[in-house]
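Please open the structure in the viewer and keep the selection panel at hand. The stops below are meant to be followed in order.

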Amino acid sequence: MIKIFDTTLRDGEQAPGYSMNLSEKIEMAAQLENLGVDVIEAGFAIASKGDFTSVAEVAKLIKNSEVASLSRALKKDIDASAEALKGAAFPRIHTFIATSDIHMQYKLKKNEDQVIEITSEMVRYAKKFCQSVEFSAEDATRSRPEFLYKVLEAAITAGATVLNIPDTVGYTSPAEIYDLIVGVRENVRGIDKVDISIHCHNDLGLGVANTLSALKAGATQIECTINGIGERAGNAALEEIIMNIKTRPDIYPYETKINTKEIYPTSKLLTNITGVKVQPNKAIVGDNAFAHESGIHQHGMLSNKATYEIMTPKSIGLADKRMVLGKHSGRHAFVDRLDELGFQLPDAEIDTLFEGFKSLADKKKNITDLDIQMLAMRRNTKIPQTYKLDRFVINSGNTITTTSSMKLIYTNPATNKTEFLEAVIPSYDGPIDASYKAIDCLVGSAFSLEDFLISAVTGGTDAFGEVYVKIKNNKGNIYNGYGISVDIVEASILAYISAINNMVYEENR
Ligand code: KIV
Ligand code: ZN
């Protein structure tokens, strides 16, 4: 069984544009557990107070996966990780030091003997707190193999249970990493008692290829991220690695615990949280990954799907666009479709979703599985709805000044009392600008809109529109918001309000 180590919340989250706040990390970690990853790297506990808290909260929540915290090979880092991981069912301390000449000389200013000594000492130190200790030789692929073998052997002797070989700068090739892993297996004493892990960055576009090659050479743990997010060009993408293994068992005869039907929901959740969409042609989870536009392809697909389809959308948990329900469909049929799509929800949630379905059916004649999936995947966020949209009316046209009449329900977080807030605001810049100005006026706190992205999800003029926004408060913190509706103005308003609720919640916790 190959172990999957997900580092979306650490290596992924540290990339610009992907920062997540505490509740978002918790939501993401719970979904990674559903997906079936063996290890969730929840953060770098020493990096900041926020990172420490996220590792601690994820550690308390997760019951089936190991939770790891990254630490440099320094006592204070390991102490912070050990402390943050106290509540974990299965804690793992992950410590690392660089082993390439360039890193040792210019970054660490240490020689080989010193690096070996620090490795032994720090792995032994980590081992006092935790049975599961992972050691990473940073920049392993640019290290002298003979020296790398010695460092890895020292880590094993000190008690490491997992040895990670990172291609930190995405420099290696499939043939070279294959040889390196074989070299490690042949030259490091005690290697057969520990897991060999591979961690590839994607600077030359080879992250996934290198990972699969390392797997063939004998790696037993794979480090990766959802949607391939990560520093610079990112990390090897979990969904691509897993679907390679699943689609080509003749080449990759390995098992993992991943439930592939959770791949699309996990990818989509990450997109919704961070507001960063994957490119349309991204393998596995891109909007076009299963779209067949050319006539020849469509004809082939109609005769036999296997002509052009090597895996099904269903296998990654993506619903298709066939019409399934309409205005007259009842609750029973709706619940059946939800069930078929893998959503087994409590009655109260189904009631809310059914209401959403009915109002969607009023606006949209044919409702597809994909529409239902989008409805069900609207994040059932645990963040309190301090501000909630009650209604809005837009008066707009190309010869008049647009006005937005906005009515929000405000719930006071301290007293739980609710009140209506109303404003009517004109704008020369259209309905979204007028609506955002009306909301600004009702909320009254200082923040600015940093990013706004709108796109259609399901196709056609009555498609669901999705909106991602990022707002920045006066301390420079960024908060994400997401909204979906067949009305793009409503989706925009919902996204803005959700970002504001996120900000209010995080500022007051
Ligand atoms: O890329 C890298 O070298 C890392 C290590 C800290 C594992 O992320
Ligand atoms: Zn990395």
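**The interface of domains 1 and 3**

In this predicted model, begin with the contact between two domains: eleven residues of domain 1 touch nine residues of domain 3. To colour the chain accordingly, use the domain assignment, which gives domain 1 as 3–274, domain 2 as 319–379 and domain 3 as 387–507. A distance drawn between the centres of domain 1 and domain 3, taken over C-alpha atoms, should read 39 Å.

Next, display the surface between these two domains. About 750 Å² is buried between domain 1 and domain 3, and carbon and sulfur atoms give 33% of that area. Select Asn21, Lys268 and Asn272: these residues supply 46% of the area that domain 1 buries against domain 3, more than any other three residues.

**Polar links across the interface**

Now show side chains on both sides. Between domain 1 and domain 3 there are eight residue pairs in polar contact, counting pairs with both residues at pLDDT 80 or more. On the side of domain 1 that touches domain 3, the elements giving two or more residues are α2 (22–35) and α11 (263–274). Of the elements on this side, α11 gives the most, with five residues. By residue class, the side of domain 1 that touches domain 3 comprises two nonpolar, seven polar and two charged residues.

How many salt bridges are counted between domain 1 and domain 3? The count is one. Select Lys268 together with Glu466 to see their side chains meet in a salt bridge, with an N to O distance of 2.3 Å.

**The zinc site**

Move to the zinc ion (ligand 2) and select its protein donors: Asp11 through OD, His199 through NE2 and His201 through NE2, at 2.0 to 2.1 Å from the ion. The sequence spacing of these donor residues is D-x187-H-x1-H. Colour by secondary structure here: Asp11 belongs to helix α1 (residues 8–12) and His199 to strand β7 (residues 195–200), so this pair ties together parts 188 residues apart in sequence.

**A salt bridge between strands**

Finally, turn to the salt bridges of the whole structure, which holds 29. For one of them, select Arg92 and Glu66, whose side chains meet at 2.9 Å, N to O. Arg92 lies in strand β4 (residues 91–98) and Glu66 in strand β3 (residues 66–72); the pair therefore ties together parts that are 26 residues apart in sequence.

Methods: Residues numbered from 1 in each chain as written. Chains lettered and ligands numbered in written order. Predicted model: local features only at pLDDT ≥ 70, side-chain atom pairs only at ≥ 80, totals over all residues. Heavy atoms only, no water. Domains from an automatic or database assignment. Contact = heavy atoms within 4.5 Å. Buried area = accessible area lost by both parts, 1.4 Å probe. Salt bridge = Lys/Arg side-chain N within 4 Å of Asp/Glu carboxyl O. Polar contact = N/O pair within 3.5 Å; in protein donor to acceptor, adjacent residues only side chain to side chain. Helix = DSSP H or I, 4+ residues; strand = E, 2+ residues; numbered from the N terminus. Nonpolar A, V, L, I, M, F, W, Y, C, P; charged D, E, K, R; others polar. Donors = N, O, S within 2.8 Å, 3.2 Å for Na, K, Ca; no water.
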